[in-house]
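Got your viewer open? Here's a short walk through the model, stop by stop.

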Amino acid sequence: TRPIIIDTDPGQDDAIAILLALASPELDVLGITAVAGNVPLELTEKNVRKICELAGKPETRVFAGASRPLVRKLVTAEYVHGKTGLDGPDLPEPTMPLQEKDGVDFIIETLRERPAGEITLCTLGPLTNIALALIRAPDIAPKIGRIVMMGGGFFEGGNTTPAAEFNIFVDPHAAKTVFTSGIPITMIPLDCTHKALTTRDRVAAMRSHGTRVTTAAAELIDFFERYDEDKYGTDGGPLHDPCVIAWLLRPDLFSGRDCNVEIETGSELTMGMTVVDWWGVTNRSRNAHVIRDLDADGFFCLLTERIATL
Ligand code: BDR
Ligand code: CA
């Protein structure tokens, strides 16, 4: 099994990513760290616990990390995810504990304990916790096997400003710290996730399993897809964050290439833009594997089949 730490700001799509990870025997979820993003930290950490309980895995260790970005003021997205961040299903208040340890310390200590290259960090929100860990403990960089992240956009543009995707926009300085760290990165931008659409047929297939988890997941999607359907006129919304976990399980469903990626932190107009050298027009170092395409039907089959086992 592959040991992973999930860093997240649930968010309906984060929640479904967590369900997919907890349903997958190939993955060993060492812990889940919450970060402020879609909604403030008090809600994201609670939402993680709600989802672990929904999955029937209350033994999962959940930690709270950073409550605000490194430099900028926190920007949230209740207009997408609702007031709780997890609007849609009626999930009970969690009873499992929040771990006392700080999420950033958990990341640092866990990496130090394990052999170099063993742990994969899966990031589904702003990169604040990862950047803080690298700043506080630079020795952990070579310990991280890979960071697999949902974030950014290039030909597809941004979803928060014309130039920037939400996760990178919220903490561009953290993103810059990560992209200049030399750690192997797989970046899953909007160019890929906008193809992972929750079409009517795909959600109906999920719902047809009729389990507690597939029903709740379909209700999460029903709420979440409304914003993007209205905005983009698509059948369904993009299920961004589960792509990160799916890439670990079935990389053959995705395609991309190694590119240089730089993060804009200077200009207010393009703050948080991911400048991806897709065509290799510079000789800057190829610091990320950038995903552009996925087999969306294959992805939804995998997701539905897995979460139906919970
Ligand atoms: C990202 O922003 C959040 O709203 C989603 O959970 C996803 O991680 C998409 O831009
Ligand atoms: Ca997210």
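Before you click anything, a word on colouring by class: Ala, Val, Leu, Ile, Met, Phe, Trp, Tyr, Cys and Pro count as nonpolar, Asp, Glu, Lys and Arg as charged, and the others, Gly among them, as polar. This is a predicted model, in which local features need pLDDT of at least 70 and side-chain atom pairs pLDDT 80 or more, while totals for chains, interfaces and linings use all residues. Residues are numbered from 1 along each chain as its sequence is written, and chains are lettered from A and ligands numbered from 1 in the order in which they are written.

**Stop one: the ligand.** Select ligand 1 and show its shell (a residue is near if its C-beta atom, placed from the backbone, lies within 6 Å). You should get 15 residues, with Gly-11, Asp-13, Phe-166, His-240 and Asp-241 coming nearest. Helix 1 (12-22) and helix 6 (166-170) each give two or more residues to this shell; helices here are DSSP runs (H or I, at least four residues) and strands likewise (E, at least two), numbered from the N terminus. Colour the shell by class and you'll find five nonpolar, six polar and four charged residues.

**Stop two: helix 1 against helix 10.** Follow helix 1 to its partner, helix 10: their axes come within 9 Å and cross at roughly 155 degrees. (Axes are lines fitted to C-alpha atoms, for helices over the stretch in contact, and angles run from 0 to 180 degrees between N-to-C directions.) The pair is therefore roughly antiparallel, the label for angles over 145 degrees. Now pick Gln-12, Asp-13, Ala-15, Ile-16 and Leu-19 in helix 1, which meet Val-213, Ala-217, Leu-220, Ile-221, Phe-223 and Phe-224 in helix 10; contact takes C-beta atoms, placed from the backbone, within 7 Å. That contact has nine nonpolar residues, one polar and one charged. Asp-13, by the way, was also among the residues nearest ligand 1.

**Stop three: helix 9 against helix 10.** Stay on helix 10 (residues 212-232) and add helix 9 (residues 200-207): the axes come within 8 Å, again crossing at roughly 155 degrees. These two are therefore roughly antiparallel as well. Look for Val-203, Met-206 and Arg-207 in helix 9 meeting Thr-214, Thr-215, Ala-217, Ala-218 and Ile-221 in helix 10. By class, that's five nonpolar, two polar and one charged.

**Last stop: the whole domain.** Zoom out and select residues 4-300, which an unreviewed UniProt entry annotates as "domain: Inosine/uridine-preferring nucleoside hydrolase". The end C-alpha atoms of this span lie 22 Å apart, and 36% of it is helix and 17% strand.

Terms used. UniProt positions renumbered as here; feature names shortened; annotations may be inferred. Parallel < 35°, antiparallel > 145°, perpendicular 65-115°, else oblique. Contact = placed C-beta atoms within 7 Å.
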